[in-house]
Amino acid sequence: YLSVLFTVYLLPMGMYSPCIQDTEKLQPAPKLIAHRGAPMLAPENTLMSFEKALEAGGEGIETDVTISYDGVPFLMCDSTLTRTTNVAEVFPNRTHLHASMFSWADLQQLNAGDWFLLRDPFGTASSLSEQDCSRVHNQSIPSLAQFLQMASHSGSLVLFDLHKPPHGHPYSQSYINVTLQVVHAHISSSQVLWLTSEDRELIHALDPELQQSSGEEVSVQELKSSKITRLNLHYSTMSQQKISKYQSENISTNLYVISQPWLYTLAWCAGAQSVTTNSVHILSNISKPLFLMTPHEYSLMWILTDVVSAFLILMVFIFHW
């Protein structure tokens, strides 16, 4: 019994948390990149959603880009249109088609907001004002050009996944060039975090101002040879040590998708430069980590806890006898 008790007492001294550090070593708060806008406040990947995210304090906006059958890049995460539009009502015989197999004129006929109020994916629809509900009903699928114009006007960073069209699509070989043309026409390249790995060297040669980003955790040497300056990775794959190593080589780390305040606190303490989040309106109100203590404070806390508990256990034995 005593050996088990002694082990339990010493166990906290060997525990690790990035939030156990001296205050002066704490890095600045991670920038907030809005995941498909503010999907708790408006339908994802709509202009309303991105407006809400920027109003709430987002410093960047993230989306997914697909190219239409007639060559217009537009915002859509899923491979089909069924989840976030009323395609089943407007084109009932085409619901199975890949989103890129619709023309831009077809896409503009779809409503991209009603589903949000019907399905209430985050349980937040009831908190919307009457005016916001009316706006939701009027949302349509935005083009990449509209998205970039908004980002350019606000000066925010832009991060997007570019989906390759299926085989047989008219733009399956030129979709990257078409997308680059839209980027150059509507926003400063320095605001764009370019994730697409295909033809990366050529793209960097054509536009060195693009911030080359990668979704793969590889060696620093490989990242530098590809001119990559930012990693975009799931939070579970990174540690404080890894983030620090990349930062020492001037490679920033963006972690996704972080929407809970406690998880944002861990990312902050670990030194992440930015996070992708569904809850910009919540995380933007956090001015300091929810829990942060120096190693001295942590040790003192557990020593006092151990002393008090040992005293109580001793008293129990004395009175029991």
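Start at the seam between domain 1 and domain 2, where about 670 Å² is buried, 53% of it from carbon and sulfur atoms (buried area being the accessible area, with a 1.4 Å probe, that two parts lose on being put together, summed over both). Within domain 1, pick out Tyr-16, Ser-17 and Met-293: these lose the most area to domain 2, together 67% of what that side buries.

Before going on, a word on what you have open: it is a predicted model, where local features need pLDDT of at least 70 and side-chain atom pairs count only at pLDDT 80 or more, while totals for chains, interfaces and linings use all residues. Residues are numbered from 1 along each chain as its sequence is written, and side-chain values use heavy atoms, with hydrogens and water left out.

Now colour the two domains: 1-17 + 293-320 for domain 1 and 18-290 for domain 2, with bounds from an automatic or database domain assignment. Six residues from domain 1 and nine residues from domain 2 make the contact (heavy atoms within 4.5 Å). Their C-alpha centres sit 46 Å apart.

What holds polar company across this seam? Four residue pairs are in polar contact, both residues at pLDDT 80 or more (N or O atoms within 3.5 Å, one able to donate a hydrogen and the other to accept it; residues adjacent in sequence count only if both atoms are side-chain atoms). Salt bridges between the domains number zero (a side-chain nitrogen of Lys or Arg within 4 Å of a carboxyl oxygen of Asp or Glu).

For salt bridges, widen the search to the whole structure, which has nine. Zoom in on Arg-83 and Glu-44, whose closest N and O atoms are 2.7 Å apart. Arg-83 is in the loop between strand S3 (73-75) and helix H3 (87-90), and Glu-44 in the loop between strand S1 (31-35) and helix H2 (47-55). Helices (H or I, at least four residues) and strands (E, at least two) are DSSP runs, numbered from the N terminus.

Finally, select 300-319, a transmembrane region according to the unreviewed UniProt entry; annotations there may be inferred rather than shown by experiment. This stretch is 100% helix, its end C-alpha atoms 29 Å apart.
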